[in-house]
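Here are my notes after a pass through the model, kept as numbered points. Have the coordinates open while you read.

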Amino acid sequence: MRYAFHLTIRHGMEEEYDRRHANVWDDMKKMLRDAGILNYSIFRDGIHVFGYWECNDLSRTLGAVNSSDVNARWQKYMSDVIITPSSERTSGGMKEVFHLD
């Protein structure tokens, strides 16, 4: 299953967002893998961030991410950079309207 999200960061925090993602915590990366996330990428265009990942069971994966202590710490860590509320950052995702294999 493919999953995508969009969020907005604060003006002037673009470089800080990039810096923090250049140093993602090891326990955060482990949690993402353990939750079943594959092929994860994040793209930034100005203050707009687009993320994409794949998993085999979206409900299980989102449940694991949203109940994770490390994810709660990461969301708090990023709260001064990201405008989008943390409750919306790992919700249902974006609607897929086209896919080409």
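**Notes on the predicted model**

1. Glutamine 75 counts as buried, since its relative accessibility is 13% and the cut-off for buried is under 20%. This is a predicted model, so treat what follows as a reading of a prediction. Glutamine 75 sits in helix α4. Once neighbours within four places in sequence are set aside, glutamine 75 touches Ser86 and Arg89.

2. Next, a residue of α4 with another setting. Is lysine 76 buried or exposed? Lysine 76 is also a helix α4 residue, and with a relative accessible area of 68% it is exposed. If you want a distance to check, take lysine 76 and asparagine 66: C-alpha to C-alpha they are 13 Å apart in space, with their positions 10 residues apart in sequence.

3. Now the start of that helix. Serine 68 belongs to the loop between α3 (58-66) and α4 (69-78). Its relative accessible area is 11%, so serine 68 is buried. A polar atom of the serine 68 side chain lies 3.2 Å from the backbone nitrogen of asparagine 71.

4. On to helix packing. Two packed helices are described by the angle between their axes and the distance between the axes. For α2 and α4, the angle is about 125 degrees and the axes are 9 Å apart. The two helices are therefore oblique to each other, because 125 degrees falls outside the ranges for roughly parallel, antiparallel or perpendicular. Their crossing is left-handed. On the α2 side the residues involved are Asp27, Met28 and Met31, and they meet Val70, Asn71, Arg73 and Trp74 of α4.

5. What about α1 and α4? They pack at about 155 degrees, with 12 Å between their axes. That angle makes α1 roughly antiparallel to α4, and the crossing is right-handed. Here Tyr17, Arg19, Arg20 and His21 from α1 meet Trp74, Tyr77 and Met78 from α4. Trp74 is listed in the α2 contacts and again in the α1 contacts, so have a look at that side chain when you go through both pairs.

6. Charges next. Side chains of opposite charge can pair when their charged atoms come close. How many salt bridges does a search of the whole structure find? Eight. One of them joins arginine 19 to glutamate 16, with the closest N and O atoms 2.5 Å apart. Both of these residues belong to helix α1 (residues 14-22), where they are three residues apart, about one turn of the helix. Arginine 19 is partly exposed, at 42% relative accessibility.

7. Another salt bridge pairs arginine 44 with aspartate 18, and its closest N and O atoms are 2.8 Å apart. Arginine 44 is in strand β2 (residues 38-45) and aspartate 18 in helix α1, so this pair ties together parts 26 residues apart in sequence. Both ends are partly exposed: arginine 44 has a relative accessible area of 29%, and aspartate 18 has 30%.

8. Which helices does the arginine 73 and aspartate 27 pair tie together? The salt bridge itself has its closest N and O atoms 2.6 Å apart. Arginine 73 lies in helix α4 and aspartate 27 in helix α2 (residues 26-34), so the parts being tied are 46 residues apart in sequence. Arginine 73 counts as partly exposed at 42% relative accessibility, as does aspartate 27 at 36%. There is also a network: Glu16, Arg19, Arg20 and Asp80 are joined by salt bridges that share partners. Coming back to point 4, Asp27 and Arg73 are both among the residues where α2 meets α4.

9. Last, a backbone point. Most residues other than glycine have a negative phi, and most peptide bonds are trans. Asparagine 39 is not a glycine, yet its phi is positive, at about 50 degrees. The residue lies in strand β2, and asparagine 39 is partly exposed, with a relative accessible area of 48%. Arginine 44, from point 7, is in that strand too.

Technical notes: Residues numbered from 1 in each chain as written. Predicted model: local features only at pLDDT ≥ 70, side-chain atom pairs only at ≥ 80, totals over all residues. Heavy atoms only, no water. Helix = DSSP H or I, 4+ residues; strand = E, 2+ residues; numbered from the N terminus. Buried < 20%, exposed > 50% of the residue type's maximum accessible area, 1.4 Å probe, protein only. Polar contact = N/O pair within 3.5 Å; in protein donor to acceptor, adjacent residues only side chain to side chain. Salt bridge = Lys/Arg side-chain N within 4 Å of Asp/Glu carboxyl O. Axes fitted to C-alpha atoms, helices over the stretch in contact; angles between N-to-C directions. Parallel < 35°, antiparallel > 145°, perpendicular 65-115°, else oblique. Left-handed = near helix turned anticlockwise from the far one by under 90°. Contact = heavy atoms within 4.5 Å.
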